[in-house]
Amino acid sequence: MRILGIETSADETGVSLIEADGAFGADFSFKTLGNSLASQTETHARFGGIFPNMAAREHQKNLVPLLHSTLEQAGLLHPGSCAHDISGILVRESDLAAALDEFLAHHTRPDIDCIAVTHGPGLEPTLWVGINCAKALASAWRVPLVPVNHMEGHILISAVTNGALSRFSFPLLSLLISGGHTELVLSEEWMRYKLLGQTRDDAVGEAFDKVARLFGLPYPGGPQISRLATELRRRNVAPNISLPRPMIDSDDYDFSFAGLKTAVRRIVEANQPLSENMKKEIALEFENACADVLIAKTMRAIEEYGAETVLIGGGVSANVHIRAHLAETIANYGTGTKLLVPPPELATDNALMIALAGYFRAQKNKYAEPASIRADGTLSLAT
Ligand code: KG4
Ligand code: ZN
C-alpha cells in the first residue's frame, strides 16, 4: 500500500511517500519512496518563535514544491492532466489553490492508495493548510483520507528501524518531548495510549527555546543550548551555578519547566553583560536539570508499570545528552529494559512519521470522511 503523508502542525512543511506491507509484528515492512521537508526556522529565527499566520502562509508556498519533489523521487511524477475543481475546498488558501491547480493540470494521478494528514495537536491555522491540501488532493485523485495524530507519528518513527518494526515488548512507556509537549504515555498494546502525566506549563522544548532567546540566540533553541553545554561537558567542567529540578520528587508524572526558565532569566539579568563562558555554564546546568527531571520520572514510571520498553520521541529526543543519560540510567537499572530512539534526523517534525502512522491507522480502517476532518490543536493520544 502506498501512503502519501502531509505534515504542517508547526513550522516544518513535510510531504512523504511510503510503501508499506504487513500488519504489526514481524511481517511489517516499509520503504521510503520520497521524503521532502521545508524548514521555516529561518523565517521564525529572528522572532524567537513561531507566528501561526506567518507559518500558515509559508506552508501554502511550500506544499506543492514538496509534493512535486516527493513524487519525482518516487518516480511517480508523469506529465498529463488531472485537472479538478478544488476552489470549493481551498477557499481560504488562495496561494495554495493556484499552485495546486497548476500542478493538477500538468500531472497525471499518481499510483497511490491513501493520503495521511496531521489533524492535531499543533497550531490550528497551520494544521488547516495541510488538511485542506490533503482534502483537495483526495478529491482530485479519488483516494481516501486518514487523519493522523502528530504525537502518534513521533512514537511510530521511534519504533521502526531499517524499514521494519524494532523488536520490543509491552508495556511500552513513551517519553514525548517536543516544542509543544512533555508527556509520559503508557501503551499496554499497539496504538493504545494512557496519559500518565504531562507538563503543567511550558513544554521542555519551549524552555530550551526561551533560554536560547535570553542568550540572544535564534529559534529553535534546543540545538544551540545543546552545543554550548556540550563544549563544557566535553572538557569535564562542572557548572558554577545551580538550577532547580522542578517537581523531581512530586508524587505524580507531571512536569513543570516554566520555573526553570525563570530561574535562568534571573541569573541572566544579574550577570549582564553575559560572558560566553557564563552562557555555557548556564546551558550545561539547564540541560542537566531538564535531563534529570525527565529521566527521574521516566524511571519511576518504568518501575511502577513494569515497562519492558521505553521509547523517546519528539524534537528534544534529538538531544545527545538526554539520550546518553537515559540510555546509561536504563542500563544501570539492570532489568534489560529496551530503549527505542528515533534517528536524530527524524526526531524533529517530518512527514515520514505521518505516512507511517497513516498506514497503521488505515490498517485499522480509520479512514474518515473528508468533511469530518478538522484541525484540533489540543488533540490527545488517549482514546
Ligand atoms: O517535534 P518538534 O520538531 O516540533 C514539535 O512538535 O514541537 O520539536 C521541536 C523542538 C524545539 O523546541 C527545539 O528547540 C527542540 O525540539 N529541539 C531540541 C534539540 N533539537 C530540537 N531540544 C534540545 N536539544 C536538541 N538537540
Ligand atoms: Zn513534533
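Reader: Is His154 buried or exposed in this structure?
Author: Happy to start there, with the reminder that this is a predicted model. A residue is called buried when its relative accessible area is under 20%. His154 has a relative accessibility of 1%, so His154 counts as buried.

Reader: Which residues coordinate the zinc ion (ligand 2)?
Author: His154 takes part, through its NE2 atom. Two other residues join it, with the donor distances running from 2.0 to 2.2 Å. The full set is His150 (NE2), His154 (NE2) and Asp349 (OD).

Reader: What spacing do the donors of the zinc ion (ligand 2) follow along the chain?
Author: The donors are His150, His154 and Asp349. Reading along the chain, the two H positions come before the D position. The spacing is H-x3-H-x194-D.

Reader: By about how much of the helix are His150 and His154 separated?
Author: Good thing to look at in the 3D view. Both histidines belong to helix H5 (residues 150-158). Because they are four residues apart in that helix, their separation is about one helical turn.

Reader: Is His150 buried or exposed?
Author: His150 lies in helix H5. The cut-off for buried is under 20% relative accessible area. His150 has 4%, so His150 is buried.

Reader: Which side chains make polar contacts with the side chain of His150?
Author: Let us look around His150. Among the residues it touches, beyond those up to four places away in sequence, are Thr118, Gly120, Pro121 and Asp349. One polar contact of its side chain, at 3.0 Å, is with the side chain of Glu7. Another, at 3.3 Å, is with the side chain of Ser9.

Reader: Where is Ser158, and is it buried or exposed?
Author: Ser158 lies in helix H5. The relative accessibility of Ser158 is 1%. With buried meaning under 20%, Ser158 counts as buried.

Reader: Which backbone oxygens lie by a polar atom of the side chain of Ser158?
Author: Ser158 touches several residues beyond those up to four places away in sequence, including Leu311, Gly313 and Pro342. At 3.3 Å from a polar atom of its side chain is the backbone oxygen of His154. At 2.8 Å from a polar atom of that side chain is the backbone oxygen of Ile312.

Reader: How many residues surround ligand 1, and which are the closest?
Author: Ligand 1 is a good place to turn next. There are 19 residues around ligand 1. The closest are Gly179, Asp209, Gly222, Gly315 and Asp349.

Reader: How much of the accessible area of ligand 1 does the protein cover?
Author: An oxygen atom of ligand 1 lies 3.1 Å from an N or O atom in the side chain of His154. Backbone N or O atoms also lie by oxygen atoms of the ligand, with Gly222 at 3.0 Å and Gly315 at 2.9 Å. On its own, ligand 1 has 550 Å² of accessible area, and the share covered by the protein is 89%.

Reader: How many disulfides does the structure have?
Author: A disulfide needs two cysteine sulfur atoms within 2.5 Å. On that rule the count is zero. For Cys114, the nearest cysteine sulfur, that of Cys133, is 14 Å away. For Cys133, the nearest one belongs to Cys82, at 13 Å, and the disulfide count is zero.

Reader: Which residues are joined by cis peptide bonds?
Author: One of these bonds leads into Pro121, in the loop between strand E4 (114-120) and helix H4 (124-141). Another leads into Pro220, in the loop between helix H6 (204-214) and helix H7 (221-234). With omega about -10°, one cis bond joins Gly120 and Pro121. With omega about -5°, another joins Tyr219 and Pro220.

Reader: What is the phi of Met247?
Author: Met247 is found in the loop between H7 and helix H8 (258-270). Although Met247 is not a glycine, its phi is positive, at about 65°.

Reader: Is Asn365 buried or exposed?
Author: Asn365 sits in the segment after helix H11 (352-363). Its phi is positive, near 60°, though the residue is not glycine. A residue is exposed when its relative accessible area is over 50%. Asn365 has 58%, so Asn365 is exposed.

Terms used:
Residues are numbered from 1 along each chain as its sequence is written. Chains are lettered from A and ligands numbered from 1 in the order in which they are written. This is a predicted model: local features need pLDDT of at least 70, side-chain atom pairs count only at pLDDT 80 or more; totals for chains, interfaces and linings use all residues. Side-chain values use heavy atoms; hydrogens and water are left out. Donors are N, O and S atoms within 2.8 Å of the metal (3.2 Å for Na, K and Ca); water is not among the atoms, so sites may look incomplete. Helices (H or I, at least four residues) and strands (E, at least two) are DSSP runs, numbered from the N terminus. Buried means under 20% relative accessible area, exposed over 50%, partly exposed in between (1.4 Å probe, protein chains only). A residue is near a molecule or strand if one of its heavy atoms lies within 4 Å of it. A polar contact is a pair of N or O atoms within 3.5 Å; within protein, one must be able to donate a hydrogen and the other to accept it, and residues adjacent in sequence count only if both atoms are side-chain atoms. Accessible areas come from the Shrake-Rupley method with a 1.4 Å probe; for residues, only the protein chains shown count as cover. Contact means heavy atoms within 4.5 Å.
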